[in-house]
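User: Hello! I am new to this structure and would like a close look at a single part of it, explained step by step.

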Amino acid sequence: MTDKREKNDLVTKNFEAFPDVAADIINALLHNGENVVTKENLMPAPTESIYEDKTKMLRNQLEDVAKYEMADGQIRAQYMIANQTTMDTKIVLRKAGYTGAGYREQYEGKATGTYPIIEMILYWGKEHWEKRAGIHELCCEKIPEELRKYVDDIKVHIWEMRYLPRKVRERFHSDMRIVLDYLAEGNTFQSNQKVIHKAALIKMINVLSGEDDSIAESVILEEMNIREEDEITVCELFEQYVRKGRQEGKQEERQSSIKALILTCMELGADYGTTAEKVRVRFQLSEEGVTENMKLYWNCGAIFWISY
């Protein structure tokens, strides 16, 4: 389960790290869809920060995606984008660690100037996130009100990405819009939007749909006879992907039928030559194809019947 989660994390990070997608997330969720942040003025920021634990050992903590927004050669703001698939009632403490590490670097002069750090939590889980506790709610329940007002009430900003209203989804213009509409509309989803990051989009949708994401991006496009630079709409891309799946399904079904015929012939006592001829005629295979399949299943079947 951990390995699968790590692979899924890499897919979402890779997708959101594209400058146009990152800028789109920021504009849609923080600026009401206004084109305030552009991909040209976003720069990668460190996703790793170091802290000292209670045993004085150095530890690291990793954010999913981090970007600097630049203006006139200076850092205007830093955005941290974190992905969650499960609820975490103490997530505000994690936020304090990430943003605190960023502000400490500014304090120690490791960063140029001072600037705000904004963390955005994109929640992809199917259950609604019920509790969005801030520091006051999480830590100050038993302290008196006169003391509570002196505690900084850090808040978390969480978006339930599967359940964004249509008016919010319409603020997106990158490939992220396709992901959100697909999750919201399911099989009724249709769009003529042009796809920019084709293989990464397919892997992102596969991950969020619970399907396999282990195939390399280059292989995905090669099998569909599509190049990243090709102009193609969502519907065209999905049609190609579905057609590829159907072809694979038909091939698997055909292969199962070949295997079944060979094993049945063996069970009935047919010899190698008779069985091979039946396979060639039934499935219209070349001599090479017959030989390959007989090699696969004749010996396998013989071992099975001997052991049985």
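How many bridges join strand 4 to strand 5, and do the two run parallel or antiparallel? Please start there and then show me what surrounds this pair.

Analyst: Happy to walk you through it. Please keep in mind that this is a predicted model.

Strand 4 and strand 5 are joined by 7 bridges, and the two strands run antiparallel. To find one of these pairings for yourself, look for Y68: its bridge partner in strand 5 is Q78.

Now follow the chain around the turn. Strand 4 covers residues 65–71 and strand 5 covers residues 74–84, with D72 in the loop between them. The two strands form a hairpin with 2 residues between them, and in this hairpin D72 takes a positive phi near 55 degrees. D72 is a residue other than glycine with a positive phi value. D72 is also exposed, as its relative accessible area of 83% is over the 50% cut-off.

Strand 5 itself sits in quite another setting. Of its 11 residues, 9 are buried, so strand 5 is largely enclosed by the rest of the structure. One partner on this strand we have already met, in strand 4; another is strand 6. Strand 6 spans residues 117–123, and 7 bridges join it to strand 5, with the two running parallel. Here you can look for N83, whose bridge partner in strand 6 is L122. To get from strand 5 to strand 6, the chain passes through helix 3, residues 91–107, and this β-α-β crossover is right-handed. So strand 5 has an antiparallel pairing with strand 4 and a parallel pairing with strand 6.

As you look along these strands, one general point may help: in a regular strand, side chains alternate between the two faces of the sheet.

Next, stop at Q84, which lies in strand 5. With a relative accessibility of 10%, Q84 counts as buried, because the cut-off is under 20%. Leaving out residues up to four places away in sequence, Q84 touches I91, R94, I121, L122, Y123, W124, G125 and W129. Among these contacts is L122, the residue that is paired with N83. W124 is on the list of contacts too, and although Q84 and W124 are 40 residues apart along the chain, their C-alpha atoms are separated by 6.1 Å.

Let us go back to Y68, since its ring has a story of its own. The structure holds 4 aromatic pairs. One of them is formed by Y68 and Y115, in an edge-to-face arrangement with 6.0 Å from centre to centre and 80 degrees between the planes. Y68 lies in strand 4, while Y115 is in the loop between helix 3 and strand 6, so this pair ties together parts that are 47 residues apart in sequence. Both partners count as buried: Y68 has a relative accessibility of 14%, and Y115 has one of 6%. Another edge-to-face pair is formed by Y182 and F189, at 6.1 Å centre to centre with 90 degrees between the planes. In that pair Y182 is partly exposed, with a relative accessible area of 23%, whereas F189 is buried at 10%.

With the hairpin in mind, you may like to see a second positive phi elsewhere in the chain. N32 has a phi near 55 degrees, again a positive value in a residue other than glycine. N32 is found in the loop between helix 2, residues 19–30, and strand 1, residues 42–44. N32 is exposed, with a relative accessible area of 57%. Helix 2, which N32 follows, has 12 residues and reaches 16 Å from its first C-alpha to its last, close to the 16 Å expected at 1.5 Å a residue. In helix 2, 10 of the 12 residues are buried, so the helix is largely enclosed by the rest of the structure. Its buried residues include V21, A22, I25, I26 and L29, along with D20, D24 and N27.

To retrace the main path, begin at the exposed D72 in the hairpin of strand 4 and strand 5. Then move along strand 5, with 9 of its 11 residues buried, to Q84 and its contacts. Finally, take the right-handed crossover through helix 3 to strand 6.

Technical notes:
Residues numbered from 1 in each chain as written. Predicted model: local features only at pLDDT ≥ 70, side-chain atom pairs only at ≥ 80, totals over all residues. Heavy atoms only, no water. Helix = DSSP H or I, 4+ residues; strand = E, 2+ residues; numbered from the N terminus. Buried < 20%, exposed > 50% of the residue type's maximum accessible area, 1.4 Å probe, protein only. Pairing = 2+ DSSP bridges. Right-handed = clockwise from strand over helix to strand, strands pointing away. Phe/Tyr/Trp six-rings, centres within 6.5 Å; stacked < 30°, edge-to-face > 60°. Expected span 1.5 Å × (residues − 1). Contact = heavy atoms within 4.5 Å.
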